[in-house]
Amino acid sequence: MRIAVTGSIATDNLMTFPGSFGEQLIAEQLDRVSLSFLVDDLQIRRGGVAANIAFGMGCLGLKPLLVGAVGDDFADYRSWLERHGVDCDSVHVSRTRHTARFLCTTDEHHNQIASFYTGAMAEAREIELQPVADRVNGLDLVLISPNDPDAMFRHTDECRQRGIPFAADPSQQLARMGGDEIKSLVEGAAYLFTNDYEKALVEQKTGWSDEEVLERVGVRVTTLGPKGARIDRKGEPSIHVPPAPELGKVDPTGVGDAFRAGFLSALAWGASLERCGQVGNLIATHVLEEVGGQEYKLGKQGFLDRFSASYGPEAAAEIASHLSCHYA
């Protein structure tokens, strides 16, 4: 299954605030907030939604096609991704802009305040998907994750026009989009990925009910944080997938990206939707246990052991023959 992952490619600057954001907010003055947080730690990590997802898929033995825009400072990052199984030949390199930057501060309750510098990502709108498809003899699915908004609209429209199945993952860009823009990204998607807050935001901004969304997409996947994930299809009972227990909580950055990586990988294996959610949950757990979206290592036996402990030996046996982890 040939999957193209479109979206942001960035460097993450991750900081930790040893307190609670909520305690710093004054209810009567939320219209004029002026705050500065003295942070205890700074970690610089490789990131970006599309790159995180592609990395996870590569670690599970797939060869995802990364599609996005970067600066000429991408060489080391490109080498890292290619060593982990990611096809970077369709990444656009800007001549004038730096690779995007994500700056995020996390408090003691894992709440986050973040900013994103677009940089070269603005040029993603120039990327045409057909040359990508021609290079690999066709695409089976295109994931359209947070990116330059014009790039997201262009990729979605091109998928519709060319009959390429696509998965909508608007997540962080929902905040800046209106209802009609969100509708244009969601309508006709084979898969729609959001977390539970974003699910409500989609419904609020579009005016669509949950049932009306299901009329317009094939599969709706909603991540629920510590409660796992839910998978819905029109006319079918919901599938609730419990979370995979974590060894410890370190940083939530990239957890949603990891879930998508696992889900899409299992989808490419031909696994059931329940198994897709389970693989997604376990990859997400690996990310939660590290600082950064690409700092975890997957070994086949270790992964299967944790999968079996979380979801049972029969479930583990179903995915064992497909699993081909990057690390031993």
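Here's a quick briefing on one strand and the aromatic contacts in this structure. Keep in mind that the model is predicted. The two things to look at are strand β1, which is covered on both faces, and the set of 12 aromatic pairs. There's also an arginine whose charged end sits over a tryptophan ring.

**Strand β1 and its neighbours**

- Strand β1 spans residues 3–6, and both of its faces are covered.
- On one side you'll find I3 and V5, on the other A4 and T6, and all of them are buried.
- β1 runs parallel to strand β9 (residues 141–144), with 4 bridges joining the two.
- Strand β4 (residues 65–67) also pairs with β1 in the parallel sense, this time over 3 bridges.
- V5 is a handy residue to click on: it stands opposite L143 in β9, and it also stands opposite L66 in β4.

**Aromatic pairs**

- A pair of aromatic rings is described by the distance of the centres and the angle of the planes.
- The structure holds 12 such pairs, and one of them is F17 with F37: the ring centres are 4.8 Å apart and the planes sit at 65 degrees, so this pair is edge-to-face.
- F17 and F37 both lie in the loop between β2 (10–16) and β3 (41–47), so their contact ties together parts that are 20 residues apart in sequence.
- How do those two rings differ in exposure? F17 is buried, at a relative accessible area of 12%, whereas F37 is partly exposed, at 22%.
- Next up is F102 with F116, where the centres are 6.4 Å apart and the planes are at 45 degrees, so the pair is tilted.
- This pair links distant parts of the chain: F102 belongs to strand β7 (residues 100–106) and F116 to strand β8 (residues 112–117), with their positions 14 residues apart.
- F102 is buried, with a relative accessible area of 17%; F116 counts as partly exposed, at 36%.

**A ring cluster**

- Some rings go beyond a simple twosome: ring pairs link Y191, F193, F259 and F263 into a cluster.

**A charge over a ring**

- Where does the charged end of R46 sit? It's over the ring of W80, 4.0 Å from the ring's centre.

Conventions. Residues numbered from 1 in each chain as written. Predicted model: local features only at pLDDT ≥ 70, side-chain atom pairs only at ≥ 80, totals over all residues. Heavy atoms only, no water. Buried < 20%, exposed > 50% of the residue type's maximum accessible area, 1.4 Å probe, protein only. Pairing = 2+ DSSP bridges. Phe/Tyr/Trp six-rings, centres within 6.5 Å; stacked < 30°, edge-to-face > 60°. Lys NZ or Arg CZ within 6 Å of the ring centre and 35° of its normal.
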